[in-house]
Amino acid sequence: MKWTEQQIPRQDGRVAVITGANTGLGLETARRLAERGAAVVLAVRDTEKGKLAAARINGDVSVQELDLTSLESVRAAAADLRTTYPRIDLLINNAGVMYTPKQTTRDGFELQFGTNHLGHFALTGLLLDLLLPVPGSRVVTVSSTGHRIRAAIHFDDLQWERSYSRAAAYGQSKLANLMFTYELQRRLAAHGTTAAVAAHPGISNTELARNIPPVARRLITWLAPVISQPATAGALPTLRAATDPSVLGGQYYGPDGLAERRGHPRLVTSSPDSYDLAVQQRLWAVSEDLTGVRFPIGQAVAAA
(Lines give C-alpha, C1' and ligand atoms only; values in the text may rest on other atoms or scores of the structure.)
Protein backbone atom coordinates (compact mmCIF):
# COMPACT_ATOMS: atom_id res chain seq x y z
CA MET A 1 0.00 0.00 0.00
CA LYS A 2 1.25 3.49 -0.84
CA TRP A 3 2.14 5.60 2.21
CA THR A 4 0.36 8.97 2.32
CA GLU A 5 0.03 11.82 4.79
CA GLN A 6 -3.25 10.29 5.98
CA GLN A 7 -1.15 7.59 7.67
CA ILE A 8 0.69 10.04 9.92
CA PRO A 9 -0.33 9.04 13.46
CA ARG A 10 -1.55 11.58 15.97
CA GLN A 11 1.37 13.47 17.50
CA ASP A 12 -0.33 14.89 20.59
CA GLY A 13 2.11 15.59 23.40
CA ARG A 14 5.16 15.34 21.14
CA VAL A 15 7.69 18.12 20.54
CA ALA A 16 9.24 18.40 17.07
CA VAL A 17 12.18 20.69 16.30
CA ILE A 18 12.63 21.27 12.55
CA THR A 19 15.51 23.21 11.05
CA GLY A 20 14.88 25.41 8.03
CA ALA A 21 11.14 25.15 8.54
CA ASN A 22 10.10 28.57 7.23
CA THR A 23 9.90 27.42 3.61
CA GLY A 24 9.82 24.44 1.26
CA LEU A 25 10.13 20.94 2.67
CA GLY A 26 10.60 22.12 6.24
CA LEU A 27 7.44 24.21 6.17
CA GLU A 28 5.38 21.33 4.79
CA THR A 29 6.85 18.96 7.37
CA ALA A 30 6.02 21.40 10.15
CA ARG A 31 2.50 21.94 8.84
CA ARG A 32 1.65 18.23 8.79
CA LEU A 33 3.09 17.55 12.24
CA ALA A 34 1.30 20.52 13.77
CA GLU A 35 -1.97 19.44 12.17
CA ARG A 36 -1.52 16.05 13.85
CA GLY A 37 -1.10 17.68 17.27
CA ALA A 38 2.66 18.09 17.75
CA ALA A 39 4.18 21.17 19.34
CA VAL A 40 6.42 22.29 16.48
CA VAL A 41 9.47 24.52 16.72
CA LEU A 42 10.58 26.25 13.53
CA ALA A 43 14.35 26.56 13.98
CA VAL A 44 15.28 29.18 11.39
CA ARG A 45 17.95 31.77 10.61
CA ASP A 46 15.49 34.59 9.85
CA THR A 47 13.00 34.79 12.70
CA GLU A 48 10.77 37.30 10.89
CA LYS A 49 10.32 34.83 8.04
CA GLY A 50 9.82 32.15 10.66
CA LYS A 51 7.00 34.11 12.28
CA LEU A 52 5.31 34.59 8.92
CA ALA A 53 5.57 30.85 8.30
CA ALA A 54 4.24 30.04 11.77
CA ALA A 55 1.20 32.23 11.10
CA ARG A 56 0.38 30.01 8.10
CA ILE A 57 0.29 26.83 10.19
CA ASN A 58 -2.64 25.69 12.29
CA GLY A 59 -1.52 24.38 15.66
CA ASP A 60 1.06 24.84 18.38
CA VAL A 61 3.98 26.47 16.56
CA SER A 62 6.89 28.54 17.88
CA VAL A 63 10.01 30.03 16.33
CA GLN A 64 13.62 29.57 17.43
CA GLU A 65 16.51 31.51 15.94
CA LEU A 66 19.15 29.17 14.52
CA ASP A 67 21.93 29.95 12.08
CA LEU A 68 23.62 26.70 11.12
CA THR A 69 26.55 28.62 9.61
CA SER A 70 27.58 29.71 13.12
CA LEU A 71 28.51 27.31 15.89
CA GLU A 72 27.90 30.15 18.35
CA SER A 73 24.32 30.39 17.09
CA VAL A 74 23.91 26.61 17.22
CA ARG A 75 25.01 26.57 20.85
CA ALA A 76 22.75 29.50 21.72
CA ALA A 77 19.76 27.86 20.04
CA ALA A 78 20.40 24.58 21.85
CA ALA A 79 20.60 26.45 25.15
CA ASP A 80 17.29 28.22 24.44
CA LEU A 81 15.58 24.97 23.52
CA ARG A 82 16.90 23.25 26.62
CA THR A 83 15.44 26.03 28.75
CA THR A 84 12.03 25.83 27.08
CA TYR A 85 11.57 22.10 26.52
CA PRO A 86 12.34 19.35 29.05
CA ARG A 87 12.09 16.78 26.26
CA ILE A 88 12.24 16.55 22.47
CA ASP A 89 10.54 13.75 20.54
CA LEU A 90 11.61 14.62 17.00
CA LEU A 91 14.68 16.47 15.80
CA ILE A 92 14.42 16.92 12.04
CA ASN A 93 17.64 18.12 10.43
CA ASN A 94 16.05 19.55 7.30
CA ALA A 95 17.78 22.86 6.50
CA GLY A 96 20.36 22.98 3.75
CA VAL A 97 22.06 24.87 0.97
CA MET A 98 22.83 23.57 -2.50
CA TYR A 99 25.36 24.37 -5.23
CA THR A 100 26.41 27.64 -3.62
CA PRO A 101 29.36 29.67 -4.93
CA LYS A 102 32.48 29.13 -2.87
CA GLN A 103 31.84 30.62 0.56
CA THR A 104 32.66 29.82 4.16
CA THR A 105 30.64 29.77 7.36
CA ARG A 106 31.45 32.09 10.24
CA ASP A 107 33.72 29.37 11.59
CA GLY A 108 35.62 29.02 8.32
CA PHE A 109 34.01 25.81 7.06
CA GLU A 110 33.04 25.39 3.41
CA LEU A 111 29.45 26.61 3.33
CA GLN A 112 27.68 23.44 2.13
CA PHE A 113 29.63 21.06 4.38
CA GLY A 114 29.43 23.47 7.31
CA THR A 115 25.70 24.09 6.99
CA ASN A 116 24.36 20.75 5.82
CA HIS A 117 26.54 18.51 7.96
CA LEU A 118 28.58 20.21 10.69
CA GLY A 119 25.82 22.55 11.87
CA HIS A 120 23.38 19.66 12.19
CA PHE A 121 26.01 17.40 13.76
CA ALA A 122 26.61 20.02 16.45
CA LEU A 123 22.91 20.71 17.04
CA THR A 124 22.12 17.01 17.37
CA GLY A 125 24.94 16.47 19.85
CA LEU A 126 23.85 19.42 21.98
CA LEU A 127 20.20 18.30 22.10
CA LEU A 128 20.51 14.53 22.13
CA ASP A 129 20.18 14.11 25.90
CA LEU A 130 16.69 15.62 25.62
CA LEU A 131 15.72 12.82 23.23
CA LEU A 132 17.44 9.86 24.88
CA PRO A 133 14.93 9.41 27.76
CA VAL A 134 11.96 9.60 25.36
CA PRO A 135 10.70 6.26 23.99
CA GLY A 136 10.12 6.49 20.26
CA SER A 137 12.16 9.65 19.80
CA ARG A 138 13.92 10.11 16.47
CA VAL A 139 16.62 12.13 14.77
CA VAL A 140 15.71 12.47 11.10
CA THR A 141 18.33 13.91 8.75
CA VAL A 142 17.46 14.94 5.21
CA SER A 143 19.96 13.83 2.58
CA SER A 144 19.66 13.85 -1.21
CA THR A 145 20.16 11.73 -4.30
CA GLY A 146 23.05 14.16 -4.76
CA HIS A 147 25.00 12.03 -2.29
CA ARG A 148 25.74 9.78 -5.30
CA ILE A 149 27.05 12.53 -7.60
CA ARG A 150 30.83 12.99 -7.52
CA ALA A 151 30.51 12.33 -3.82
CA ALA A 152 33.27 11.35 -1.42
CA ILE A 153 34.50 12.56 1.95
CA HIS A 154 37.66 14.49 1.04
CA PHE A 155 39.56 14.26 4.31
CA ASP A 156 42.63 15.76 2.64
CA ASP A 157 40.65 18.90 1.73
CA LEU A 158 37.30 18.88 3.56
CA GLN A 159 36.88 22.65 3.18
CA TRP A 160 37.70 22.72 -0.56
CA GLU A 161 40.61 25.12 -0.10
CA ARG A 162 42.68 23.78 -2.98
CA SER A 163 39.88 23.66 -5.55
CA TYR A 164 36.11 23.96 -5.53
CA SER A 165 33.23 22.22 -7.28
CA ARG A 166 29.69 23.21 -6.33
CA ALA A 167 28.29 19.80 -7.22
CA ALA A 168 31.04 17.77 -5.57
CA ALA A 169 30.92 19.88 -2.40
CA TYR A 170 27.16 19.41 -2.22
CA GLY A 171 27.57 15.67 -2.79
CA GLN A 172 30.11 15.48 0.03
CA SER A 173 27.74 17.26 2.43
CA LYS A 174 24.81 14.98 1.58
CA LEU A 175 26.98 11.86 1.81
CA ALA A 176 28.07 13.13 5.22
CA ASN A 177 24.41 13.40 6.28
CA LEU A 178 23.93 9.70 5.59
CA MET A 179 27.19 8.59 7.17
CA PHE A 180 26.33 10.63 10.26
CA THR A 181 22.91 8.94 10.46
CA TYR A 182 24.33 5.43 10.17
CA GLU A 183 27.07 6.00 12.73
CA LEU A 184 24.66 7.77 15.09
CA GLN A 185 22.28 4.82 14.92
CA ARG A 186 25.05 2.38 15.85
CA ARG A 187 25.87 4.51 18.87
CA LEU A 188 22.20 4.82 19.83
CA ALA A 189 21.45 1.12 19.52
CA ALA A 190 22.49 0.32 23.08
CA HIS A 191 20.07 2.92 24.48
CA GLY A 192 17.01 1.45 22.78
CA THR A 193 14.88 4.62 22.87
CA THR A 194 16.06 7.01 20.15
CA ALA A 195 16.43 6.11 16.47
CA ALA A 196 18.44 7.86 13.75
CA VAL A 197 16.78 7.78 10.33
CA ALA A 198 17.48 9.47 6.99
CA ALA A 199 15.23 10.61 4.16
CA HIS A 200 15.43 12.38 0.83
CA PRO A 201 12.74 14.25 -1.15
CA GLY A 202 13.64 13.16 -4.65
CA ILE A 203 13.57 16.13 -7.00
CA SER A 204 11.37 18.62 -5.24
CA ASN A 205 10.34 22.05 -6.46
CA THR A 206 11.73 24.30 -3.70
CA GLU A 207 13.98 27.34 -3.26
CA LEU A 208 16.94 25.03 -2.66
CA ALA A 209 17.74 25.01 -6.38
CA ARG A 210 18.17 28.78 -6.61
CA ASN A 211 21.98 28.51 -6.91
CA ILE A 212 21.94 26.09 -9.84
CA PRO A 213 23.49 27.75 -12.93
CA PRO A 214 20.83 29.58 -15.03
CA VAL A 215 20.99 27.27 -18.06
CA ALA A 216 20.52 24.17 -15.93
CA ARG A 217 17.81 25.88 -13.90
CA ARG A 218 15.83 26.72 -17.04
CA LEU A 219 16.12 23.11 -18.20
CA ILE A 220 14.94 21.82 -14.84
CA THR A 221 12.03 24.27 -14.88
CA TRP A 222 11.00 23.04 -18.31
CA LEU A 223 11.23 19.40 -17.23
CA ALA A 224 9.73 19.97 -13.79
CA PRO A 225 6.28 18.53 -14.56
CA VAL A 226 7.94 15.24 -15.55
CA ILE A 227 10.88 14.87 -13.15
CA SER A 228 9.94 16.75 -9.99
CA GLN A 229 7.22 16.98 -7.39
CA PRO A 230 5.88 19.77 -5.17
CA ALA A 231 7.17 20.33 -1.64
CA THR A 232 3.98 18.78 -0.25
CA ALA A 233 5.04 15.45 -1.79
CA GLY A 234 8.76 15.97 -1.25
CA ALA A 235 8.19 16.24 2.50
CA LEU A 236 6.52 12.83 2.73
CA PRO A 237 9.72 10.72 3.03
CA THR A 238 10.77 12.90 5.98
CA LEU A 239 7.34 12.60 7.55
CA ARG A 240 7.35 8.85 7.15
CA ALA A 241 10.84 8.59 8.64
CA ALA A 242 9.67 10.72 11.56
CA THR A 243 6.28 9.15 12.31
CA ASP A 244 5.71 5.70 10.80
CA PRO A 245 5.69 3.21 13.72
CA SER A 246 7.29 0.55 11.51
CA VAL A 247 10.43 2.61 10.79
CA LEU A 248 13.69 1.27 12.21
CA GLY A 249 16.86 3.13 13.10
CA GLY A 250 19.42 3.30 10.33
CA GLN A 251 16.83 3.20 7.55
CA TYR A 252 16.63 5.61 4.60
CA TYR A 253 13.39 6.72 2.93
CA GLY A 254 12.79 8.28 -0.49
CA PRO A 255 10.24 8.38 -3.34
CA ASP A 256 9.24 5.12 -5.00
CA GLY A 257 9.22 6.43 -8.59
CA LEU A 258 11.79 6.10 -11.38
CA ALA A 259 15.29 6.92 -10.11
CA GLU A 260 13.67 8.01 -6.82
CA ARG A 261 12.82 11.37 -8.37
CA ARG A 262 9.17 11.48 -7.29
CA GLY A 263 6.44 9.32 -5.82
CA HIS A 264 5.30 7.90 -2.52
CA PRO A 265 7.84 7.35 0.27
CA ARG A 266 9.39 3.91 0.66
CA LEU A 267 12.49 2.32 2.12
CA VAL A 268 15.46 2.90 -0.21
CA THR A 269 19.19 2.21 -0.18
CA SER A 270 22.02 4.69 -0.41
CA SER A 271 25.29 4.45 -2.33
CA PRO A 272 27.83 1.73 -1.48
CA ASP A 273 30.25 4.44 -0.31
CA SER A 274 27.78 5.61 2.33
CA TYR A 275 28.02 2.28 4.17
CA ASP A 276 31.81 2.42 4.63
CA LEU A 277 32.17 1.92 8.37
CA ALA A 278 35.74 3.18 8.62
CA VAL A 279 34.89 6.41 6.80
CA GLN A 280 31.79 6.91 8.95
CA GLN A 281 33.84 6.60 12.11
CA ARG A 282 36.58 8.87 10.82
CA LEU A 283 34.03 11.48 9.75
CA TRP A 284 32.48 11.34 13.22
CA ALA A 285 35.83 11.93 14.90
CA VAL A 286 36.70 14.79 12.54
CA SER A 287 33.27 16.36 13.05
CA GLU A 288 33.71 16.26 16.82
CA ASP A 289 37.09 17.95 16.49
CA LEU A 290 35.81 20.65 14.12
CA THR A 291 32.68 21.50 16.11
CA GLY A 292 33.96 20.84 19.62
CA VAL A 293 30.76 18.92 20.34
CA ARG A 294 30.88 15.54 22.08
CA PHE A 295 27.79 13.37 22.11
CA PRO A 296 26.37 12.00 25.40
CA ILE A 297 26.70 8.44 24.06
CA GLY A 298 29.70 6.20 23.70
CA GLN A 299 31.16 4.48 20.69
CA ALA A 300 29.18 1.88 18.81
CA VAL A 301 29.46 -1.53 20.40
CA ALA A 302 29.12 -3.37 17.11
CA ALA A 303 29.28 -2.71 13.40
CA ALA A 304 25.63 -3.60 12.92
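How many of the 23 residues of H5 are buried? In this predicted model, the count comes to 21 of 23, so H5 is mostly covered. Helix H5 runs from residue 166 to residue 188. From its first C-alpha to its last, H5 reaches 33 Å, which is close to the 33 Å expected at 1.5 Å a residue.

A good residue to look at inside this helix is Phe180. Phe180 sits in H5, and with a relative accessibility of 3% it counts as buried, because the cut-off for that label is under 20%. What does Phe180 touch, once residues up to four places away in sequence are set aside? The list is Asn93, His117, Phe121, Thr124, Thr141, Trp284 and Phe295. Phe180 can also be placed against Asp289: the two are 109 residues apart along the chain, and their C-alpha atoms are separated by 14 Å.

One of the partners of H5 is helix H9, which covers residues 277-291. H5 and H9 pack at an angle of about 90 degrees, and their axes are 9 Å apart. That angle makes H5 roughly perpendicular to H9. On the H5 side, the contact is made by Ala176, Met179, Phe180, Tyr182, Glu183, Leu184, Arg186 and Arg187. On the H9 side, Leu277, Val279, Gln280, Gln281, Leu283 and Trp284 take part. Sorted by class, the residues of this contact come out as nine nonpolar, two polar and three charged.

H9 also meets helix H4, which spans residues 111-131. The axes of H4 and H9 come within 10 Å and cross at roughly 85 degrees. The two helices are therefore roughly perpendicular to each other. From H4, the residues in the contact are Phe113, His117, Leu118, Phe121 and Ala122. They face Leu283, Trp284, Ser287, Glu288, Leu290 and Thr291 of H9. The class count here is seven nonpolar, three polar and one charged. Some names turn up again: Leu283 and Trp284 of H9 belong to the contact with H5 and also to the contact with H4. Trp284, along with His117 and Phe121, is among the residues that Phe180 touches.

Two serines in loops come next. Ser271 is placed in the loop between E10 and H9, and it is buried, with a relative accessible area of 8%. Leaving out its neighbours within four places in sequence, Ser271 is in contact with His147, Arg148 and Leu175. Ser144 lies in the loop between strand E5, residues 138-142, and H5. Ser144 is buried too, at 9% relative accessible area. Which residues does Ser144 touch, not counting those up to four places away in sequence? They are Tyr170, Lys174, His200 and Tyr252. Ser144 and Met98 are 46 residues apart in sequence, and C-alpha to C-alpha they are 10 Å apart in space.

Another helix pair is made by H1, residues 24-35, and H8, residues 236-243. These two pack at an angle of about 45 degrees, with their axes 9 Å apart. That makes H1 oblique to H8. The crossing of H1 and H8 is right-handed. Where they meet, Thr29, Arg32 and Leu33 of H1 are in contact with Thr238, Leu239 and Thr243 of H8. By class, that contact holds two nonpolar, three polar and one charged residues. H8 itself is mostly covered, with eight of its eight residues buried. The buried residues of H8 are Leu236, Pro237, Thr238, Leu239, Arg240, Ala241, Ala242 and Thr243.

Finally, a couple of backbone angles deserve a look. Most residues other than glycine have a negative phi. Tyr99, however, has a positive phi, near 55 degrees. Tyr99 is found in the loop between strand E4, residues 90-93, and helix H4. Ala259 also has a positive phi, again near 55 degrees. Ala259 is in the loop between strand E9, residues 252-255, and strand E10, residues 265-267. Are these two residues buried or exposed? Tyr99 is buried, with a relative accessible area of 17%, whereas Ala259 counts as exposed at 52% relative accessibility.

How values were computed. Residues are numbered from 1 along each chain as its sequence is written. This is a predicted model: local features need pLDDT of at least 70, side-chain atom pairs count only at pLDDT 80 or more; totals for chains, interfaces and linings use all residues. Side-chain values use heavy atoms; hydrogens and water are left out. Axes are lines fitted to C-alpha atoms, for helices over the stretch in contact, and angles run from 0 to 180 degrees between N-to-C directions. Helices (H or I, at least four residues) and strands (E, at least two) are DSSP runs, numbered from the N terminus. Angles under 35 degrees count as roughly parallel, over 145 as roughly antiparallel, 65 to 115 as roughly perpendicular and the rest as oblique. A crossing is left-handed if the near helix is turned anticlockwise from the far one by less than a right angle, and right-handed if clockwise. Contact means heavy atoms within 4.5 Å. Ala, Val, Leu, Ile, Met, Phe, Trp, Tyr, Cys and Pro count as nonpolar, Asp, Glu, Lys and Arg as charged, and the others, Gly among them, as polar. Buried means under 20% relative accessible area, exposed over 50%, partly exposed in between (1.4 Å probe, protein chains only). The expected span of a helix is 1.5 Å times one less than its number of residues.
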